[in-house]
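Q: I would like a close look at one part of this protein, described step by step for someone who is new to structures. Could the description begin with that part and then set it within the rest of the chain?

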Amino acid sequence: MKSLLFSCLFCSLLACSASLTAAQELLYPIDVAVSKDSTVYIADLRLPGLWKYSEGKLSVVFQAENKLKSPLSAVRCVAVDDEGRLFAGDSATREIYRIDGPESLSPLTNGRIGVPIDLVIRGDDLYASDLEYRQIVRVPAQGGEPETLAKNLIARGLAPADDETLFFLGNTEQPLGRLNAAGEVTLLVEGQPFQFAHQLAVLDSALYVTDNYAATIWKCGTEAGGTPEAFVSGDPLVRPVGICTNGEKLFVADPRAQDVFVISPDGTIQSLTAGSSAE
């Protein structure tokens with residue numbers, strides 16, 4: 001009996017230790033979003049859940065249960081709208097959630113989506129890339145039936161364009177393109193310029209693409225016929241995945257570096273969390 005009690009106590013201590021570690025540092029950040037007030041939100045697959053970085057402090061916004069089919073236990077993407085409302089896509093429950101508080105989630109589609117790998121917000125609508133069903137859908141921010149905008153389109157990353165169209169990162173046949181409201185695709189880049197592209201962001205009329213295998217952020221024009229050029233590459237980037245913009249800077253989530261990097265227009269790369277405190 002004593003041996004059993006000791007084993008239970010030891011397991012509890014291990015779980016507590018893991019929880020404390022998770023509360024202190026990023027574990028596997030795969031996506032990032034920045035609000036109007038410069039608060040940074042980070043999706044962490046191994047937390048699992050969502051972080052907030054504000055005023056030099058890193059804190060947990062939502063801690064998911066680390067068990068099968070628990071909401072946000074396999075968080076894939078995060079987005080924040082102009083009002084500061086936070087949204088996240090989760091493959092464990094095949095759902096997109098609005099995060100209303102540290103213990104409050106509102107499911108938006110009733111499980112009518114596969115793997116929401118990236119999110120874009122425009123007005124009162126969310127646009128999601130569904131990797132499982134190979135489609136791009138529109139979902140009301142208040143929740144409702146997803147509307148399919150494009151079928152048979154493998155898109156890992158999405159970014160909004162000024163003219164109500166969407167930029168997308170596709171497969172080797174459609175590596176980078178633009179999708180209009182009618183679901184028509186215009187290819188911007190042909191061939192296989194990327195090794196394993198994940199997400200993209202728009203800044204100053206240019207597209208920036210994270211390439212996981214190449215440890216590179218590519219820069220490309222927004223018109224057809226462009227050729228991607230390496231903007232930054234190598235150390236400290238290890239395996240960049242998520243990307244977003246705030247002002248003139250890029251924010252890049254790198255799970256293997258266990259960090260979010262801030263990249264200035266001149267290509268200078270800094271760690272977001274270096275020297276931060278945890279709550």
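A: The account below starts with one sheet, moves to a hairpin and a loop beside it, and then turns to the wider chain.

The model is predicted. Its mean pLDDT is 89, and 90% of the residues reach 70 or more. Residues 1-23 call for caution, since their pLDDT is below 50. In the model, that stretch has 7 contacts beyond near neighbours in sequence.

The part chosen is an open sheet built from 4 strands, which follow one another in the order S13-S14-S15-S16. Their pairing is antiparallel. Strands of a sheet pair through backbone hydrogen bonds, and the pairing can be parallel or antiparallel. At the edges of this sheet lie strand S13, residues 157-160, and strand S16, residues 185-189. Each of these two edge strands pairs on one side only. Neighbouring strands are turned against each other by 25° on average, with direction ignored.

Within this sheet, the pair formed by S15 and S16 can be followed residue by residue. Strand S15 covers residues 176-179, and it pairs with S16 in the antiparallel sense over 4 bridges. Leu 179 has Val 185 in S16 as its bridge partner, while Arg 178 is bridged to Thr 186 in S16. A reader can trace the antiparallel sense in these two bridges: stepping back from Leu 179 to Arg 178 on one side goes with stepping forward from Val 185 to Thr 186 on the other. S15 and S16 form a hairpin, with 5 residues between them. In its turn sits Gly 183, which has a positive phi of about 85°.

Beyond S16 the chain enters a loop that leads to strand S17, residues 197-203, and Glu 190 lies in this loop. Glu 190 has a relative accessibility of 64%, so it counts as exposed, the cut-off for that class being over 50%. The C-alpha atom of Glu 190 is separated by 6.5 Å from that of Pro 175, although the two residues are 15 places apart along the chain.

At the other end of the sheet, the loop between S13 and strand S14 (166-169) holds Glu 164. This residue forms a salt bridge with Arg 122, and the closest N and O atoms are 3.7 Å apart. Arg 122 belongs to strand S9, residues 116-122, so the salt bridge, which requires a distance within 4 Å, links parts of the chain that are 42 residues apart. The two partners differ in accessibility: Glu 164 is exposed, with a relative accessible area of 52%, whereas Arg 122 is buried at 15%. Side chains of opposite charge can pair when their charged atoms come close.

A second point of contact with this region is Ser 129, which is placed in strand S10. Its relative accessible area is 0%, so Ser 129 is buried. Leaving aside neighbours within four places in sequence, its contacts include Ile 117, Gln 135 and Ala 155, as well as Leu 158.

Salt bridges also occur elsewhere in the chain, and the count comes to 8. One of them joins Arg 94 and Glu 132, with 2.8 Å between the closest N and O atoms. Arg 94 lies in the loop between strands S6 and S7, and Glu 132 in the loop between strands S10 and S11, so this pair ties together parts that are 38 residues apart in sequence. Both residues are partly exposed, Arg 94 at 28% and Glu 132 at 38%. Another salt bridge joins the side chains of Lys 67 and Glu 65, at 3.3 Å from N to O. Glu 65 is partly exposed, with a relative accessible area of 47%. In addition, Asp 81, Glu 83 and Arg 85 are linked in a network of salt bridges.

Finally, the sheet can be set against the whole chain. The protein chain has 1 helix and 25 strands. Of its 279 residues, 50% count as buried. Among contacts between residues at least 6 apart in sequence, 40% join residues at least 24 apart. The accessible surface comes to about 13,300 Å², and 47% of it belongs to carbon and sulfur atoms.

Conventions: Residues are numbered from 1 along each chain as its sequence is written. This is a predicted model: local features need pLDDT of at least 70, side-chain atom pairs count only at pLDDT 80 or more; totals for chains, interfaces and linings use all residues. Side-chain values use heavy atoms; hydrogens and water are left out. Two strands pair if DSSP finds at least two bridges between them. Axes are lines fitted to C-alpha atoms, for helices over the stretch in contact, and angles run from 0 to 180 degrees between N-to-C directions. Buried means under 20% relative accessible area, exposed over 50%, partly exposed in between (1.4 Å probe, protein chains only). Contact means heavy atoms within 4.5 Å. Accessible areas come from the Shrake-Rupley method with a 1.4 Å probe; for residues, only the protein chains shown count as cover. pLDDT is the predictor's confidence in each residue, from 0 to 100.
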